[in-house]
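I sat down with this structure today and kept a running notebook. Here is what I looked up, entry by entry.

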Amino acid sequence: LSELNILFEDDWILALDKPSGMAAHTGSGITGGTVVDVVRAYLGPKAERNGFSASPAHRLDRETSGVIIVAKRRPAMVHFTEVFTEHRAKKRYLVLVKGKLQQQSGLIDLPLQEHQQTAESRERRGVNMQEARTRYQVVCQTSHAAYVQCTIETGRTHQIRRHFAAIGHPVAGDPKHGDFAFNREVKAQWGLKRLFLHSTRLEFPHPEDGRKMVVESKLPEDLADVLKAAGLDQTERTA
């Protein structure tokens, strides 16, 4: 079992610092070693309560590292489903994208095709587009790449990855929506071996009493090393 890096735990929730490469759930060819597996192994008999098994309360892509919340009881899960559906959680990410951004900060407001839509539904209704908004702020950049902080106002599948690809600044190390030549270059020159996307901060109302909770995870060492190699270490300078 991989090490569980626990950021916060109480009777209702468990906040983890998820490593890149670990899936939240089993499914589509993924077996074992998921967040669900390691959490249930850690909680042991306490993983199950009144027929509810501890489960992740929201999605975080397998390749993305950082903060993920696990609901330990059903009322917590119900609470988070509402919080995330109504966009009442604030999610902040750190990301490295290709090229230099024109503006220091901005809003990408581009509807995205619904990821889970079935072929049958597409035939019947056409492509279902969902509103999606990503705000970004450049931390520092060179002519080659920008290190950016983003907050998402909607939680669509691969939202940050699809949004930055759409504006011509794909996320470094993204095997699906990225720029393959850039990914190869970044791997060879800066040692990036995975998607450069990290969930660094999550703010949400606590399921028990609604008090404001903030859970943070700092940029993992492997990504910090890439920034150094890229001349983008987090000194607050902007090129």
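The entries below go through helices, strands, salt bridges and cysteines in turn. I note at the start that this is a predicted model.

**Entry 1: helix 1**

I began with helix 1, which covers residues 35–43. Which of its residues are buried? I found Val 35, Val 36, Val 38, Val 39 and Leu 43. I then checked what these buried residues pack against, and the list is strand 1 (6–9), strand 2 (13–18), strand 5 (55–56) and strand 6 (65–71). After the helix comes Gly 44, and its phi is positive, near 60 degrees.

**Entry 2: the hairpin of strands 1 and 2**

Two of those packing partners, strand 1 and strand 2, caught my eye next. They pair in the antiparallel sense, with 3 bridges. Together they form a hairpin, and 3 residues lie between them. I looked up Glu 9 in particular: its bridge partner in strand 2 is Leu 14.

**Entry 3: Glu 9 again, now by its side chain**

Glu 9 also turned up in my salt-bridge search, where its partner is Lys 72. The closest N and O atoms of this pair are 2.8 Å apart. Why does this pair tie together parts that are far along the sequence from each other? Lys 72 sits in the loop between strand 6 and helix 2 (74–85), while Glu 9 belongs to strand 1, so the salt bridge ties together parts 63 residues apart in sequence. I compared the accessibility of the two partners. Lys 72 counts as buried because its relative accessibility is 8%, whereas Glu 9, at 31%, is partly exposed.

**Entry 4: more salt bridges**

How many salt bridges does the structure hold? My count is 18.

I picked out Arg 161 and Asp 61, whose side chains meet in a salt bridge at 3.0 Å, N to O. Arg 161 is in helix 4 (residues 159–166) and Asp 61 is in the loop between strand 5 and strand 6, so this pair ties together parts that are 100 residues apart in sequence. Are these two buried or exposed? Both are buried.

For a second look I took Arg 88 and Glu 86, with closest N and O atoms 2.9 Å apart. Here Arg 88 is partly exposed at 41% relative accessibility, and Glu 86 is partly exposed at 47%.

I also wrote down a network of salt bridges that links Lys 90, Arg 201, Glu 203, Lys 212 and Glu 216.

**Entry 5: strand 12 and its neighbours**

Next I turned to strand 12, residues 145–152. It is mostly covered, with 6 of its 8 residues buried. Which strands pair with it? Strand 7 (residues 90–98) runs antiparallel to strand 12 and is joined to it by 8 bridges. Within that pairing, Leu 96 has Tyr 147 as its bridge partner. Strand 11 (residues 133–141) is also antiparallel to strand 12, with 7 bridges. Gln 141 is bridged to Ala 146 of strand 12. Strands 11 and 12 form a hairpin, and 3 residues separate them.

**Entry 6: helix 5**

Helix 5 (residues 180–190) gave me a nice two-sided picture. Phe 182, Asn 183, Val 186 and Trp 190 are buried. Looking down the axis, I see that these buried residues fall within an arc of 100 degrees, so they line one face of the helix. As a reminder to myself, an α-helix has 3.6 residues a turn, so residues three or four places apart point the same way. On the other side, Phe 180, Arg 184, Lys 187 and Ala 188 are exposed.

What do the buried residues of helix 5 pack against? I noted strand 7, strand 12 and helix 6 (221–229).

I then checked both ends of the helix. Asp 179 caps the N-terminal end, with a side-chain oxygen 3.1 Å from the backbone nitrogen of Ala 181. Just after the helix, Gly 191 takes a positive phi of about 75 degrees.

**Entry 7: cysteines**

My last search was for disulfides, and the count is 0. Cys 140 is in no disulfide, and the nearest cysteine sulfur belongs to Cys 150, 14 Å away. Why is Cys 150 not bonded to Cys 140? The 14 Å between their sulfurs is too far for a bond. Both turned out to be covered: Cys 140 counts as buried at 0% relative accessibility, and Cys 150 is buried at 1%.

How values were computed: Residues are numbered from 1 along each chain as its sequence is written. This is a predicted model: local features need pLDDT of at least 70, side-chain atom pairs count only at pLDDT 80 or more; totals for chains, interfaces and linings use all residues. Side-chain values use heavy atoms; hydrogens and water are left out. Buried means under 20% relative accessible area, exposed over 50%, partly exposed in between (1.4 Å probe, protein chains only). Helices (H or I, at least four residues) and strands (E, at least two) are DSSP runs, numbered from the N terminus. Contact means heavy atoms within 4.5 Å. A salt bridge is a side-chain nitrogen of Lys or Arg within 4 Å of a carboxyl oxygen of Asp or Glu. Two strands pair if DSSP finds at least two bridges between them. The arc is that of the directions from the helix axis to the C-beta atoms. A polar contact is a pair of N or O atoms within 3.5 Å; within protein, one must be able to donate a hydrogen and the other to accept it, and residues adjacent in sequence count only if both atoms are side-chain atoms. A disulfide is a pair of cysteine sulfur atoms within 2.5 Å.
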